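Here is a short, friendly walk through one helix and its surroundings. Please keep the model open beside you as you read.

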Amino acid sequence: MTATDAPRRKPKPIEMRLLLGFHAVMSGSFLVAYLSGGEDSYGIHVFAGYTVLAALAARLVMALAAPKNSPLRLPRPSISALGGWLARLLRLDGAAFRARSPLLGFIAVAMLIGTAGAALTGAVADWVQPVEDLHEALGDFALMLAFVHIALAFGLAGLKRVAPAPRTREVLP
């Protein structure tokens, strides 16, 4: 979130259902497309790839229609927010350990771009055979991003578990 965005608010249940639904369709379709990339299952591969494209298009429509402070908006990573968060972590500020990490915005953007690149080149490769090698390379790169995303999610969850206890100020009588 950048300084120009509206303040963070608790997501509405429908917003979370839409985000989780997108995540499920996107991750499931990408996994099926990646695992079915051989010649024997080409039809499944193509169907799953176009499902990824449809999920990305739906996500873009959701982002464009969402109000300014909605979690449905596209992520807007901020280097200054990341720097501030990392500085707070280094000071062992327990609130920073428990806060939503600005790293999530960076990996979300990387995942959206990487997956879109793999899916779009796959659609082009249906018609332009030389694009196939680029499509495979981008698919491998998107899979690597997915593993980074998973590791980051587990790492940030673990960070919350080891957060220092909140400091209390002692009030003198």
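What should the 24 residues of helix H2 (residues 42–65) span at 1.5 Å a residue? The expected span is 34 Å, and the end C-alpha atoms of H2 are 35 Å apart, which agrees. That expectation is 1.5 Å times one less than the number of residues, and helices here are DSSP runs (H or I, at least four residues), numbered from the N terminus.

This is a predicted model, where local features need pLDDT of at least 70, side-chain atom pairs count only at pLDDT 80 or more, and totals for chains, interfaces and linings use all residues. Residues are numbered from 1 along each chain as its sequence is written, and side-chain values use heavy atoms, leaving out hydrogens and water.

**Around H2**

Buried (under 20% relative accessible area, 1.4 Å probe, protein chains only) residues of H2 include His45, Ala48, Val52 and Arg59. Their cover includes the helices in this table.

| Helix | Residues |
|---|---|
| H1 | 13–35 |
| H5 | 103–125 |
| H6 | 132–161 |

From H1, Ser29 touches Ala48, Thr51 and Val52, not counting residues up to four places away in sequence; contact means heavy atoms within 4.5 Å. Ser29 is itself buried, with a relative accessible area of 10%.

**H2 against H5**

H2 and H5 pack at an angle of about 130 degrees, with their axes 9 Å apart. Axes are lines fitted to C-alpha atoms over the stretch in contact, with angles from 0 to 180 degrees between N-to-C directions. The two helices are therefore oblique to each other, as angles under 35, over 145 or from 65 to 115 degrees count as roughly parallel, antiparallel or perpendicular, and the rest as oblique. Among the residues making the contact are Gly49 and Leu56 of H2 and Leu112 and Ala123 of H5.

Notes: Buried < 20%, exposed > 50% of the residue type's maximum accessible area, 1.4 Å probe, protein only.
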